[in-house]
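Biologist: I am new to this structure. Please take a close look at one part, the enclosed spaces, and then lead me outward from there.

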Amino acid sequence: MTLVPSLLSALLDTAADPLGVALIVCSGEPLPPGLVARLRAHSPAVTLVNQYGSSEVAGDVTFHVHPGRDTLPDAPQTADSVPSVGVPIDNARVYVLDAQGRPAPVHVTGEVHVAGTPVARGYLGDADTRSFTEDAYGHGRLYRTGDLAHWSESGTLVLRGRTDRQVKIRGFRVEPGEIEARLREHVRDAVVRADGDRLIAHYVAESAVPSAQLRACLGATLPAHMVPAAFVHLSAFPLTPSGKLDPRALLAPDAASLSVETYVAPVGAVERAIADVWSELLGLPRVGRNDRFLDLGGHSLMAARAGLKLRTAGVHLTAAELFGNHSVAALAAGLLERDPRLSGRDALALRPGKGIHAPLFLAHDGTASLLYAPALAGELDPELPVYGLPPTPLGDAQPVTIEGMASRMVGMIRAVQPVGPYRIAGWCTGGTLAYEIAAQLLGADEEVAFVGMLNTTWLPPGRSVVPDPDPRAEVLSWLGAEDRGEPLGELVARAVAVDALPTAVADVPEDLIEAAILRKHTVEAAAAGYTPAPVPVPVHYFSALEHDPSEPFGGWDRALPDADFRRIPVPGTHQSMLRPPHLGTTAAALTRALADAQPVSVPPFTALTALRAGRPGVTPLICVPGAGATVASFQHVAGVLGAERPVYGLQPRGLDGTDLAHTSVEAAVAAHSLELDALTGGGPVHLLGHSFGAWTAFETACALTAGEGGAGRVASLTLLDSKPPAPVATVPEVDDTTALLHLAAVYEDLAGAPLGLTADQMAPLDEQGRLRLLHERVSALGLVPRGSAPGVLAGPVRTFMRCLRTPYTPRRTYDGPVTLVLAADPDRDATAARARRADVLHTWRRYAPRAVLRLSPGTHMTMLAEPHGAALAEYLAPALENQR
């Protein structure tokens, strides 16, 4: 495969699996520092050939081979190294000549000249005697490239820039002077420079000229690749003491110089998804609904990456659509017009209300339908805004857990109402979703005023068996027919023809009926696997009097015996309670309950815990433990750091089994920052985070250094054996059984012995049964006291599960130094371990460009314990001494 380096970089950004080729040839652009190392980490078996040349010499005249191998280098290529372009091909001669035309010695930079068979006769119709001359050291023509380079001791050519200002932008040769001359026709003076794969224009004028106007003027006379992505207005150019232009002092482009339109915020989930992806790829702080991809500096390689990222968000745009250069709003409108199912990504306004009340949000039911909601909304207080929370659109990847479904709905809710207090309700399984939505909002330290369950049944995990989905059998049941082997499509067509479709799928397109059946099954299975955690807000339970008198709370009082459930009986059955004549009564009861509800939030919690007092005046070390762990996990490390160092831990909320665990890293950091300010008075801290706690430590560093007065707040930042954040914040879909097995693996690592737990053992049990089994095994290994009750694990288990399901993507980069310490993992295959370390470091550097990698003896858990804590302290000591 032959491609330019910028395309290879884009390919590595988007390919999850190793590349399925044996050889990659790069040419047409300089190979950026670090790209070889990235390819090695991603696809170690691929051989890379870096070639150099130009059209004047019939293509490429030198090559350097980076052979593929099964093992990775211990030290990745450093950021300041320059990949060699190798040695000449057989029929070409390459010279590096000084200003007098003499061969330059090894390591001395000169201009590259090419001779031999590949050299062209010259430029058509242009007698260029400067570029094409006679070869003084051989015979034939000599081409003067304008490239600067030197020979290495091994005889390979290393490029060092240009004699002129020519640059390569995505494979195109660009002379900035040509662009500057055109730009000076409209402004007083101009300088154009390359910034990665885009051009930035800096211009001097009495007042700023709209970027759209300058872009249009240049676009009328220059090709698209020569039109700058940004236009930065200056009153005068920055100069050096000698009066020359100081390029390093030129201002970076801001949003105004990049955007071509007055900013208008995106509207709706589809517009926001498009704008967020463009903002990430283009490095812009924000993208408005009227902005266009190409006008913002987008190009062909970036369009392909944008298309892939948008598809992961459920937005299917082609590169051709992006190159139509339509605005965000126009693209979203066209997408919704051709695929109305995408409207399921926004909360649906069922009743606008008067805007004086906080809205009520109604979650979809167990059949993944919102058909009950409009009728109910119509009977409620006309001044009350009511929104419906629809299921994931058919054709999209479906969430498989209640937590995943609720997280998606939290995003819909906050798009309508950014801050609480919130009011949520749902009928049938919608009540379960409403409960989990409330838990996630409370865990993000938002206020919740109302949670309503309309005859929702609790399905105990492990005891509620949901049959495997069988769309064929379901359609046959609608028809009341026997299975005679007809294709499913024919059965669906018959059901449509005889009007046999259930109400929940009556409006679903015929070709999506099977997908609708599978989605309904997914919701049912998710509800049967949901384990609720206690929340501090009262739950209003609207109980249908004719449903099941033996379960007045639908079993929820057994699931959460200490929760505040308030039963409100309403007439009818599970179905008829939301149909006339009972609908009005149910709606009136709901209206009264809403009027009486009061906002509730998670009680105050003190996270900061002293591990060692230390000496006053010494900058404290703040430790953040991993998922489900306590600050005590840092006790050994604190003990070996020296008596004068104050050491504190940030205890995660929820470990006591009573408080609700945080459901967002950002919310936890906001709470912690107040305690840190009180501790230090706004002074510096050292931050140390392990595993999931490293995310919290990193976000804390970003928060402390943001804005004015942030400089110096973080004395050091150390991240211990943490997987990097995902590029898109999506909730990891982990069921309870899988989550518990993850926790069991952590305990096994800590104890150095197996627990002997399997999915088959865990799956049939409810929460209490799983806690008893886990407690039995961990107490046998001495990890908890033998005489303790199984409930002692409730808090750590719930907190661990919540951490495992918490999405996190940093909203900003951290520019300070970061030490990333990974466990050596002696039991891991050496090749796999090196590949993992290279990948982790590369991904973390997206958010922490100055991150450096260190290895610690031990495993993920034992690296904090004796005897390995001492080695870890050695890494910490230099950083801690930098600012005592």
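**Inside the cavities**

Modeller: Start with the lining of the second largest cavity: 10 of its residues are nonpolar, nine are polar and one is charged. Keep in mind that this is a predicted model. The cavity itself has a volume of about 200 Å³. Its lining consists of 20 residues. Nearest its centre lie Pro652, Ala668, Phe692, Thr696 and Cys803. Three helices each give two or more residues to this lining: H19 (665-680), H20 (692-705) and H24. Several of the central residues can be placed on them. Ala668 falls within H19. Phe692 and Thr696 fall within H20. Cys803 falls within H24, which spans 794-804.

How many cavities of 30 Å³ or more does a search of the whole structure find? There are three. The largest has a volume of about 330 Å³. It is lined by 25 residues, and the closest to its centre are Thr531, Ala533, Glu767, Arg798 and Met801. The elements giving two or more residues here are helix H21 (736-751), helix H23 (767-780) and H24. Glu767 falls within H23. Arg798 and Met801 fall within H24. H24 supplies the largest share of this lining, six residues. By class, the lining has 10 nonpolar, six polar and nine charged residues. Remember H24, since it is listed for the second largest cavity too.

Now move to a helix contact. H13 (residues 471-479) and H15 (residues 513-528) have axes that come within 10 Å and cross at roughly 105°. The two helices are therefore roughly perpendicular to each other. On the H13 side, the contact is made by Pro471, Glu474, Val475 and Trp478. On the H15 side, it is made by Ile513, Glu514, Ile517, Leu518 and Lys520. Six of these contact residues are nonpolar, three are charged and none is polar. The charged ones are Glu474, Glu514 and Lys520.

Follow the chain back from H13 and a backbone oddity appears. Asparagine 455 sits in the loop between strand S20 (448-454) and H13. It has a positive phi of about 55°, although it is not a glycine. Cysteine 428 is another such case, with a positive phi of about 60°. Look for cysteine 428 in the loop between S19 and helix H12 (429-443).

S19 also borders a cis peptide bond. That bond joins glycine 420 and proline 421, with omega about 5°. Proline 421 lies in the loop between helix H11 (402-416) and strand S19 (422-427). A cis bond also joins glutamate 866 and proline 867, where omega is about 10°. Proline 867 is placed in the loop between strand S29 (851-856) and helix H26 (869-882).

Finish with the rings. How many aromatic pairs does a search of the whole structure find? It finds 13. One of them joins tyrosine 95 and tyrosine 137. The centres are 5.6 Å apart and the planes make 45°, a tilted pair. Tyrosine 95 belongs to strand S6 (residues 92-97), while tyrosine 137 is in the loop between strand S8 (132-134) and strand S9 (141-151), so the pair ties together parts 42 residues apart in sequence.

How values were computed:
Residues are numbered from 1 along each chain as its sequence is written. This is a predicted model: local features need pLDDT of at least 70, side-chain atom pairs count only at pLDDT 80 or more; totals for chains, interfaces and linings use all residues. Side-chain values use heavy atoms; hydrogens and water are left out. Axes are lines fitted to C-alpha atoms, for helices over the stretch in contact, and angles run from 0 to 180 degrees between N-to-C directions. Helices (H or I, at least four residues) and strands (E, at least two) are DSSP runs, numbered from the N terminus. Angles under 35 degrees count as roughly parallel, over 145 as roughly antiparallel, 65 to 115 as roughly perpendicular and the rest as oblique. Contact means heavy atoms within 4.5 Å. On a 1 Å grid over the protein atoms alone, a cavity is a set of points where a 1.4 Å probe fits but cannot get out, and a pocket is an open set with protein on both sides within 12 Å along at least five of seven lines; lining residues have an atom within 4 Å of a point. Grid points are joined across faces, edges and corners, and a volume is the space filled by probe spheres set on the points. Rings of Phe, Tyr and Trp (its six-membered ring) pair if their centres lie within 6.5 Å; planes under 30 degrees apart count as stacked, over 60 as edge-to-face and the rest as tilted.
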